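Trainee: I should like to take a close look at the salt bridges of this protein chain. Please explain which side chains take part and where they sit.

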Amino acid sequence: MPRITREDKARNRQNIIEAAGRMFRSQGVDAVGIAELMKEAGLTHGGFYNHFASKGDLAVEACGASFQASLGSLDHILGEGADLTGPPLKRVVDNYLSAAHRDASDGGCPSASLVTDAGRHSDTVQSAYAAGVEGYLTGFAEEFAREHEGEITSQEARERAVLLLSRLVGAMALARAVSHVQPELSDEILRTCRAHALD
């Protein structure tokens, strides 16, 4: 049997993290078993412990990687500046509170899809989640300060960032919670919060 190279091992590990990110965001950490996770990653069940000591350790890495990707998208939008559709934060709100994000098969942004899991798991999972939240707050606060230069203090920009992220995550969590049984209510939540998230 051929020996696995370091590159293969690193690629396998990355495949596990990416599969876990998708599955944890869409189904929740506790709902995903190691066997189905490894199958999704294209690997055998027995290989899991060659990469991670526990599912909890994987949850920390998957949470961090999911936020890293999500924050990269945020940085890209904020870096583009204003366009014909308006300032960057308006685009962030419109994208975040869209039906497409609500219905994303991979669970979408970890800030909303992992909010409950983070509170139920270890301090290390919560720390990874908190770091992602802090990344959003920092990006939002910097953009509020840029859009309102000279008009607001850094503390006011931070407070606006906290309000915005709370509105986005709360609205998405509510919209998802009722989307199958009351789709009209789900759409109303998204529509209303899109219109007023930046108020």
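Mentor: A salt bridge is counted here when a side-chain nitrogen of Lys or Arg lies within 4 Å of a carboxyl oxygen of Asp or Glu. In general terms, side chains of opposite charge can pair when their charged atoms come close. The model before you is predicted, and it holds eleven salt bridges by that criterion.

Let us first set the scene. The secondary structure of the protein chain consists of ten helices and zero strands. Buried residues make up 40% of its 199 residues. As for charge, the chain carries 20 positive and 28 negative charges, and the mean positions of the two groups are 6 Å apart.

We may begin in helix 1, which covers residues 6-27. Here the side chains of Arg 11 and Asp 8 meet in a salt bridge, with 2.3 Å from N to O. The two residues are three positions apart in this helix, so about one helical turn separates them. Arg 11 is partly exposed, its relative accessible area being 46%. Asp 8 is partly exposed as well, with a value of 25%.

A second salt bridge also involves helix 1, but its partner lies elsewhere. The side chain of Arg 13 meets that of Glu 61 at 2.4 Å, N to O. This pair links distant parts of the chain, for Arg 13 belongs to helix 1 and Glu 61 to helix 3 (residues 55-80), 48 residues apart. Arg 13 has a relative accessibility of 25% and counts as partly exposed. Glu 61, at 32%, is likewise partly exposed.

An annotation may be placed beside these two pairs. In an unreviewed entry, UniProt lists residues 10-70 as "domain: HTH tetR-type". That span is 67% helix and 0% strand, and its end C-alpha atoms lie 22 Å apart.

Further along the chain, Arg 102 and Asp 187 join their side chains in a salt bridge of 2.7 Å, N to O. This pair, too, links distant parts of the chain: Arg 102 lies in helix 5 (residues 99-102) and Asp 187 in helix 10 (residues 183-196), 85 residues apart. How accessible is each partner? To answer, recall that a residue counts as buried under 20% relative accessible area. Arg 102 stands at 12%, so this residue counts as buried. Asp 187 stands at 32% and therefore counts as partly exposed.

Helix 5 also contains His 101. This residue has a relative accessibility of 12% and so counts as buried. Leaving aside residues up to four places away in sequence, His 101 touches Asn 95, Tyr 96, Gly 108, Cys 109, Met 172 and Arg 176.

Salt bridges may also be joined to one another. Glu 80, Asp 83 and Arg 91 are linked in a network of salt bridges.

Finally, consider how the links across the sequence fit the chain as a whole. Of the contacts with a separation of 6 or more, 62% are between residues 24 or more positions apart. The Arg 13 and Glu 61 pair, 48 residues apart, and the Arg 102 and Asp 187 pair, 85 residues apart, are salt bridges that connect distant parts of the chain. By contrast, Arg 11 and Asp 8 pair within helix 1.

Conventions. Residues numbered from 1 in each chain as written. Predicted model: local features only at pLDDT ≥ 70, side-chain atom pairs only at ≥ 80, totals over all residues. Heavy atoms only, no water. UniProt positions renumbered as here; feature names shortened; annotations may be inferred. Helix = DSSP H or I, 4+ residues; strand = E, 2+ residues; numbered from the N terminus. Buried < 20%, exposed > 50% of the residue type's maximum accessible area, 1.4 Å probe, protein only. Contact = heavy atoms within 4.5 Å. Lys, Arg positive; Asp, Glu negative; His and termini not counted. Charge placed at Lys NZ, Arg CZ, Asp CG, Glu CD.
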